[in-house]
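Biologist: I've got the model open and some time to spare. Mind walking me through how the pieces pack?

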Amino acid sequence: MVLLSTQNISKVYGEKVIFKNLNLTINSEDKIGLIGINGTGKTSLLKQIALLDTPDKGEIITSNQLDVEYLPQTPDFDDENTVIGQIFKGNSPFMKVLRDYELTVEMLALNPNDETLQADLITLSDKMDANDAWQVESEAKSILTKLGITNFLQQVKELSGGAKKKIALAGALIRPCNLLILDEPTNHLDNDTIMILEELLKAKKCAIIMVTHDRYFLDRVTNKIVELDGGNLYTYEGNYSTFIELKAQREASQAKMDDKNHALYKQELEWMRRGVEARRTKQKARKDRFYELENNLASRNKDELSIDLATSRLGKKVIEMTQVSKKFGDKYVLREFSYVFNRNERIGIIGSNGIGKSSLLNLITSNLKADAGAIEIGDTVKIGYYTQENIGLDNTKRVIDFIKDKASFIERKDGSYASASKMLETFLFNSSMQYTPISKLSGGEKRRLYLLSVLMEDINVLLLDEPTNDLDIQTLQILENFIDNFDGPVIAVSHDRYFLDRIADRIFIFEGDGNVKNSVGNYSDYVAYRKTITIEQQAVVKEAPKRVRENKKLKFTFQEQREFETIEDDIAQLENQIAQVEALMITHSTDYEKLQQLELEKNTLDKKLTFMMDRWEYLTELNEKILNRIK
């Protein structure tokens, strides 16, 4: 069933055309991901679909059965309201019954002998029956429990930003609708909550359209991708992975068309050069076609700039932290933390909100002072720090002037120089936008400009605090490209699993109370390792009596003895296999399909090697204990 259809809608703010003549149909089974660079009008389009704004031209046709629920990026909260009041907000009889029933249940739990509350609960139970509200109530409690929300009577003003976001999400998921609209639902959520949200949305029986930069989220939830690019909409059936494939095909077709247009352009240019007599008024249509062709080619033939900027020389010592502790009041955010950061490391930092991840970065940059321990920074270190605030943006300046204040030209690795204007183009600021006052940029465009200003500094160590919040997918891809070519360590706090898989080779896990563990590999490697540990712990619980007896004997099993005798040879063989695959990757570097197969093979071998190295450590340690006991 078609729920909503936009018919040639256009929207203009001031002199800026946000989009023009857009057509989009939303069916009841659609789960749509809306993507595009910041500032192209994604949020404006969502507001049109939510019927909160009207198009300047065109119309929006809706089904008589349409029931919309819209969650904006920054939801409105009544700080004096309770959690239950916020979640079940609304004046409909259905929502009022749910709200009153849940509130009475909570109050009765605190005052179980209150006869008035008992009588109210009986009355409200009858109303729940009459409104057929029990299923929604049951689903609501299930969702709230999964999101970690248990205290319904707590006031909103007492909650953290992350908890408020969970409440807003819970409310949007609980309130009945057949079209759910979400604007950046994963922003400021931790990884575990994002995975819970994935499952909830996949199970949701309604149409969904959402804006998000989380590529794994798009891959696992959506069945259609709509890209807003240059004021035009491109629709792709399938999830994000399918979108990447189909977009590559579209761009390949566009490249062929561009080649034909180049040939036509040369032909028309020759005609234009013949002189005025050949271009009388009767040929005006041909001239107009020429100018349109010229403009189209100009917009599609931007020089690509690889982000391979030269960096200052980095000495042997980079950052060394020894027994560092930091607490706020009685709460530790870091406890006796030690680590020596190497020159080419890529470290991702994960953990719940408010647990101390940003504090680690602020200790490194001396924005915070440690309570105990030592932090040594090498003499050659020049830190670039991308924070969660747009530090240093002067709204009175034009975009180009702001970047030129950082550097008019920046050196690349090959010794050539890139201008400030060229760097802005690479970061998706076209020539007209470069002369726009910063005050007129969208929030996402300001984040992108701030990121570029950090990268334009003469730095050799890069710290990133939640870079994936408020940045679009294209900008994230540019940042990932920069990190690939950056000669220095990168330390990134992020909840974006795709980003962490893409850039990290080690993960710091903040577990609370100042404790930090680290795991070799990217985020997916850590998740796989965590599952292995959980399975092993469950096995330990089941086999506890048996393990006690084994520990008394303290000896290898027959299988462990055989494994210990061969494991070093097995590791050497695996390392040789990895080296062979890497050599093949170099040989087939231009064969994309073959290269993908080889990358998958290498990832599998790398995971096997990591597991085998862990086993080697365990068996070696056990062998030493056995030998010491014999002695």
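Biologist: Let's start with H3 and H5: is their crossing left-handed or right-handed?

Modeller: Keep in mind that this is a predicted model. The axes of H3 (residues 93-110) and H5 (residues 134-146) come within 11 Å and cross at roughly 55°, and the two helices are therefore oblique to each other. As for the hand of that crossing, it's right-handed.

Biologist: Which residues of H5 do Phe 94, Leu 98, Tyr 101 and Glu 102 in H3 meet?

Modeller: On the H3 side you have Phe 94, Leu 98, Tyr 101 and Glu 102. An α-helix has 3.6 residues a turn, so residues three or four places apart point the same way. Across from the H3 set, the H5 residues are Trp 134, Val 136, Glu 137 and Lys 141.

Biologist: Now H12 and H14: are they roughly parallel or roughly antiparallel?

Modeller: H12 (residues 399-406) and H14 (residues 443-455) have axes that come within 9 Å and cross at roughly 20°. Angles under 35 degrees fall in the parallel class, so H12 and H14 are roughly parallel.

Biologist: And which residues of H14 make that contact?

Modeller: H12 passes H14 in a right-handed crossing. H12 brings Val 399, Phe 402, Ile 403 and Lys 406 to the contact. The H14 side consists of Leu 449, Leu 452 and Ser 453.

Biologist: Over to the rings. How many residues apart in sequence are the parts that the Phe 337 and Phe 508 pair ties together?

Modeller: A search of the whole structure turns up 11 aromatic pairs. Phe 337 and Phe 508 form one that is edge-to-face, at 5.7 Å centre to centre with 75° between the planes. Phe 337 sits in strand E11 and Phe 508 in strand E19, so the pair ties together parts whose separation in sequence is 171 residues.

Biologist: Is Phe 508 buried or exposed?

Modeller: Its partner Phe 337 counts as buried because its relative accessibility is 8%. Ring pairs also link Phe 337 and Phe 508 with Tyr 339 and Phe 341 into a cluster. With a relative accessible area of 0%, Phe 508 is buried.

Biologist: Which ring does Arg 448 lie over?

Modeller: There are a couple of arginines to look at here. Arg 335 lies over the face of Tyr 332, 3.8 Å from the ring centre. Arg 448 is 4.8 Å from its ring centre, and that ring belongs to Phe 429.

Biologist: Last one: how many of the 8 residues of H11 are buried?

Modeller: H11 (residues 357-364) is mostly covered, and after it comes Ser 366, with a positive phi near 65°. Among the buried residues of H11 are Lys 357, Asn 362 and Ile 364. Out of 8 residues, the buried count is 7.

Notes:
Residues numbered from 1 in each chain as written. Predicted model: local features only at pLDDT ≥ 70, side-chain atom pairs only at ≥ 80, totals over all residues. Heavy atoms only, no water. Phe/Tyr/Trp six-rings, centres within 6.5 Å; stacked < 30°, edge-to-face > 60°. Helix = DSSP H or I, 4+ residues; strand = E, 2+ residues; numbered from the N terminus. Buried < 20%, exposed > 50% of the residue type's maximum accessible area, 1.4 Å probe, protein only. Lys NZ or Arg CZ within 6 Å of the ring centre and 35° of its normal. Axes fitted to C-alpha atoms, helices over the stretch in contact; angles between N-to-C directions. Parallel < 35°, antiparallel > 145°, perpendicular 65-115°, else oblique. Left-handed = near helix turned anticlockwise from the far one by under 90°. Contact = heavy atoms within 4.5 Å.
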